[in-house]
Amino acid sequence: MLNNAKWISYPVDMGFECPALFKSFKARGAVKRATLTISARGCYYATLNGERIGDFIFAPGCTSLKRVQVQTYDITKMLSEDNEIEITLSKGWFKGRICWKGTQIFPNNNECVIAELAISYKDGSSELIVTDESWGAKKSPVRFSDFYDGEHFDANFVDDAPTKAIVQDFSNDILVPQQGEIIKEQETISAFKIFKTPKGETVIDFAQNLTGYFEIFVNAKKGDKVSLSFAEVLDSEGNFYTENYRSAKAEFEYTCRDGYQSYKPRLAFWGYRYIRVNSFPCEVTLDSIKAIVVHSDIKRTGSLDSSSPLLNQLFKNIFWGQKGNFLDIPTDCPQRDERMGWTGDAQVFCKTASYNYDVEKFFEKWLTDLRLDQEKDGCVPSVIPQFWGDGWSGCGWGDASTICPWQIYLTYGNKDILKKQFNSMCAYLKYISSKSKNRYLWTGCDHYADWLGLDAPAGSYKGSSRDDFLASTYYLYSTSLVIKAGRVLGRSVAKYEALYEKILMAIRKKYKKYKTQTEHVIALHFGIAEDKSATAKALADMIVANGTRLQTGFLGTPYLLHALSSNGYSELAYDLLLQEAFPSWLYSVKQGATTIWEHWDGVNDKGEFWSKDMNSFNHYAYGAVADWVYGVACGIQTVEEFPGFERIVIAPVPTDKLDHLSASIMTRHGLISSKWYHDNGKIRYEITTPSKTTVIIDGKEYNVEKGSYIF
Ligand code: BGC
């Protein structure tokens, strides 16, 4: 790919100033077709005759440092007789602050671009313009750019001493065709209100915590400055609060030219709801700044609705959490100095994600990166792409390597994902056995464990569930997924079946009692508890004794309601779902959340922040509760033997606590929807299915074909 072109860059590393590479050329005659094939180390913003090429934001996207994607754009209509192509580069995910490894691995390489512009003329001739030493190099008006720290743009800036590009020593072997969804501008949101904070600062509220950038509209004199800061929340006094962004400066500065102008940042994004206007040359009105939501171009497939306005807001927050964190990779959060593809978060949310949106391609790409960055000993780094190096896999985090492929297979029904990931899944199990101190238990290793569980000892982020218990149970669970995947692929899985039995026996022997809510949940959900009903009762008792409140963290929460409803405690599951007091899903909604919080107690009921250290207000993980609403409350279930909803079970679990509840998923076979509502003392069910379905209502089974039904 791109075999005729060379990787070119500005001659020296300009730090966080963005260079631009450029070339002028003439079209020799009438053009039939012209394409630009391009990739970069770093992110590129390409223009032809001043007009942006394509709509892929932050191209070439975020991948393992071992590869970069190549894009091709049709630029036929953009060509004139005299042309200038200009490519501005940022360090982006290559050597920006987000990627500590980039600087470590490539100390001597600058951000660089490789491109071929192919023109076919109507007279049958053709021409190839490629990046090489003949290109010019200059400083661009993007005076500063970094994902964490923001962007500075000077509309008057012209480099009066342009120079020549130099060739960077990179192999083309790292080039791969575009694999993922492209990142695009998705929607524009108008300002909701402008107000002065008690400190006297001017703040614009967009009434939605979001990820992206914005467009400014300003009437100015040359040299006037626009300066903006970003925040997700206000503090208890109503002042602009940025401490939870930690070291991410998240600024925007713009130096104006004369007259009316508008500008959208080119190579940076922010996670924000509020914008503080530090300076603006003219009066700030609701029309001065529009928010632009940016994320991977995934298609919405799911919807959820209920009779409870608070629950509906929670559903909205879950969708917004996904939009805000599906920016080419599944990130933990979009605002502070992380924005990483944390594996634990991704596996926790993968099922919900795959019902909410069509994320098959998105996860195929991310799992390819996981495979590439997985270490030789099978270790799955905590963040994928591996932008920092930790060299160990924690339970529930490394297991993204088994859980995500299996879920993507179940939701979309395509075996290829298992084929591609199977060796990686097996390698992960091998890693566990090589690290553990005990053959059939995963013991003596480091873990994030039940991260942020509320039963954490003072000063710890980790809930009180035992590391070795959780690790061993995830070892068991991942083994079960390798067995299932192996069977689908027709591989011999006898060795894993034996391993599974041994792990199960070892866990049952060692852990006779479960201590925390999360330990009970996991013991039930992973089929470990021998006496399910006693374990479920113990879990239910703990929850009730705690005021019908949960205490679970990252590992317990996604399965909490499932563990209850599968064992006779559906009403308690609903009580937790509908709980409004702290800690609960609806607590944050009542506090005005428009996305899912990282911590149950991100803000306590006195309005105080739990900490400034680690307190994101856009962390999708706990939004995983939606999979219970789709799958249990509305009852839409996949059948493992017929994945991708080729056959379906719909077994809704209604409650008197809601008047109605509905869910729908646009699957590969068509739309499934399941709605129930109370109607004159009875419950009615409206079900639409695209495939052979077993509907289960009040324990009675009805086998139906494709169609719409009322029960
Ligand atoms: C991230 C999490 C992540 C965790 C690891 C945090 O800083 O934001 O979501 O999974 O670290 O425990």
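This report describes two open sheets, a strand hairpin and a helix pair in a predicted model.

## The six-stranded sheet

Six strands make up an open sheet, and their order is β5-β4-β7-β2-β10-β13. The pairing within this sheet is antiparallel. The edges are taken by β5 (51-52) and β13 (163-164). Each of these edge strands has a single partner strand, so one side of each is left without a neighbour in the sheet.

Within the same order, β7 stands between β4 and β2. Strand β2 (residues 19-26) and strand β7 (residues 82-90) run antiparallel and are joined by seven bridges. One position in this pairing can be named: A20 has T88 in β7 as its bridge partner.

## Strand β8 and its partners

Strand β8 spans residues 112-121 and is mostly covered, with eight of its 10 residues buried. Strand β3 (residues 31-41) runs antiparallel to β8, and 10 bridges join the two. In this pairing A40 lies opposite V113 of β8.

Strand β8 also pairs with strand β9 (residues 126-130), again in the antiparallel sense, over five bridges. Here L117 has I129 in β9 as its bridge partner. Together β8 and β9 form a hairpin, with four residues between the two strands. The turn contains G124, which has a positive phi of about 95°.

## The five-stranded sheet

A further open sheet consists of five strands in the order β27-β33-β34-β35-β38, with antiparallel pairing. Its edge strands are β27 (302-306) and β38 (707-710), each of which pairs on one side only. From one strand to the next, the twist averages 5°.

Strand β34 (residues 670-679) is paired with strand β35 (residues 682-689) in the antiparallel sense, and seven bridges are counted between them. In this pairing K675 is placed opposite E686 of β35.

## Helix α10 and its surroundings

Helix α10 comprises residues 517-525 and is mostly covered, since eight of its nine residues are buried. The buried residues in α10 are Q517, T518, E519, H520, V521, I522, A523 and L524. Among the elements that cover them are α8 (467-488), α11 (532-545) and α12 (557-565). After α10 comes G527, whose phi is positive, near 70°.

## Packing of α10 against α11

Two packed helices are described by the angle between their axes and the distance between the axes. For α10 and α11, the axes come within 10 Å and cross at roughly 150°. An angle over 145 degrees counts as roughly antiparallel, and α10 and α11 are therefore roughly antiparallel to each other. The crossing in which α10 passes α11 is left-handed.

On the α10 side, the contact involves Q517, H520, V521 and L524. These residues meet K532, T535, A536, A538, L539, M542 and I543 in α11. Classified by residue type, the contact of α10 with α11 has seven nonpolar, three polar and one charged residues. The four α10 residues in this contact, Q517, H520, V521 and L524, also appear among the buried residues of the helix.

Notes:
Residues numbered from 1 in each chain as written. Predicted model: local features only at pLDDT ≥ 70, side-chain atom pairs only at ≥ 80, totals over all residues. Heavy atoms only, no water. Pairing = 2+ DSSP bridges. Axes fitted to C-alpha atoms, helices over the stretch in contact; angles between N-to-C directions. Buried < 20%, exposed > 50% of the residue type's maximum accessible area, 1.4 Å probe, protein only. Contact = heavy atoms within 4.5 Å. Parallel < 35°, antiparallel > 145°, perpendicular 65-115°, else oblique. Left-handed = near helix turned anticlockwise from the far one by under 90°. Nonpolar A, V, L, I, M, F, W, Y, C, P; charged D, E, K, R; others polar.
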